[in-house]
Amino acid sequence: MKKLGVIIVMYEKESEMIIEYGKKLIERNLTKGTGGNISIFIRNKKLMIITPSGVDYLKMKPEDVVIMDLDGNVVYGSNKPSSEYLMHKIFYEKRLDINAIVHAHSIYSTTLACMNWELPAINYLVPVSGGNNVRCAKYATFGTNELAINAFESMKDRYAVFLANHGLLVGAKDLPNAFNKTVEIEFCAEIYCRTKSLGEPKMICDNEVDKLLNLFKGYGQVKE
Ligand SMILES: [Zn+2]
């Protein structure tokens, strides 16, 4: 008997996780509307699972999520992939330590990105970025290869980068950690904006940042 209405979803677990974290982006006020995007990389298959373009996170279903190869071909899904997929792809091609990416239009990181400022070591959580700051990548039009290259270069030795006049990009070994870093960088960006309104904030010195980087190697990582 032919089953009607059954949709086979490839990588259902990963697709559901992308939807779960897409909802969290909205619930935690880290992005607005359909802004921002999320992906997971299946490294042994060289496949990227990414949110579709223009679909509401709260209405997204596993079959809406798009699967692409690293040549940019859609191998599964009837939707268009996120217009920012090049910015995800470049990290999966060139960074072995990144298997998930979150791109958000969160208020305070975007505020700093619109000033073309970096986030300095204002709080002990800044080193979750992998260093003593979060740099701001040079402006390029959204969805372009130029933006992907600018983001990649400015995220060297880091797990987070601001995109000038646009938003925040975070990568990590898996999606729970990428989301966690997004929340923590956004918190630090908010604190930096608030302290700047009071005067000149005091920074954590580089020696202490090195100590924190060592501590964060084993601490503060979320389990999948
Ligand atoms: Zn964006």
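Me: What makes E6 and E7 a pair, and do they run parallel or antiparallel?

Reply: Two bridges join E6 to E7, and strands pair if DSSP finds at least two bridges between them, so these two make the cut. They run parallel. Take cysteine 136: its bridge partner in E7 is phenylalanine 162. Before going on: this is a predicted model, where local features need pLDDT of at least 70, side-chain atom pairs count only at pLDDT 80 or more, and totals for chains, interfaces and linings use all residues. Residues are numbered from 1 along each chain as its sequence is written, and side-chain values use heavy atoms, leaving out hydrogens and water.

Me: What is called a strand or a helix here, and how many are there of each?

Reply: Both are DSSP runs, numbered from the N terminus: H or I with at least four residues for a helix, E with at least two for a strand. By that rule the protein has six helices and eight strands. Their order along the sequence is α-β-β-β-β-α-β-α-β-α-β-β-α-α.

Me: Which residues of E7 point one way, and which the other?

Reply: From E7 (residues 160–163), Ala160 and Phe162 go one way while Val161 and Leu163 go the other. That's the usual pattern, because side chains in a regular strand alternate between the two faces of the sheet. Both sets are buried in E7.

Me: Which residues are called donors of the zinc ion?

Reply: Donors are N, O and S atoms within 2.8 Å of the metal (3.2 Å for Na, K and Ca). The NE2 atoms of His103, His105 and His166 lie 2.0 to 2.1 Å from the zinc ion, so they qualify. Their spacing in sequence is H-x1-H-x60-H. Water is not among the atoms, so a site may look incomplete.

Me: Is histidine 103 buried or exposed, and what is histidine 105 called?

Reply: Buried means under 20% relative accessible area, exposed over 50%, and partly exposed in between (1.4 Å probe, protein chains only). Histidine 103 has 0%, so it is buried. Histidine 105 has 28%, so it counts as partly exposed.

Me: What is unusual about phi in asparagine 29 and asparagine 116?

Reply: Asparagine 29 has a positive phi of about 60° although it is not a glycine, and phi of asparagine 116, also positive, is near 60°. Asparagine 29 sits just after H1, in the loop between H1 (12–27) and E1 (37–42). Asparagine 116 is in the loop between H3 (107–115) and E6 (136–137). Asparagine 29 has a relative accessible area of 41%, so it is partly exposed; asparagine 116, at 45%, is partly exposed as well.

Me: How do you know whether the span of H1 agrees with what is expected?

Reply: The expected span is 1.5 Å times one less than the number of residues. For the 16 residues of H1 that should be 22 Å, and the end C-alpha atoms are 22 Å apart, so the two agree. Among the buried residues of H1 are Met17, Ile18 and Leu25. Their cover includes E1, E2 (47–50), E5 (100–104) and H5 (175–198).

Me: How do you know whether the radius of gyration agrees with a compact globule?

Reply: The globule rule is 2.2 Å times the number of residues to the power 0.38, with the radius taken over C-alpha atoms. With 224 residues that comes out near 17 Å; the protein has 18 Å, so it agrees. Buried residues make up 51% of the 224.

Key:
Contact = heavy atoms within 4.5 Å.
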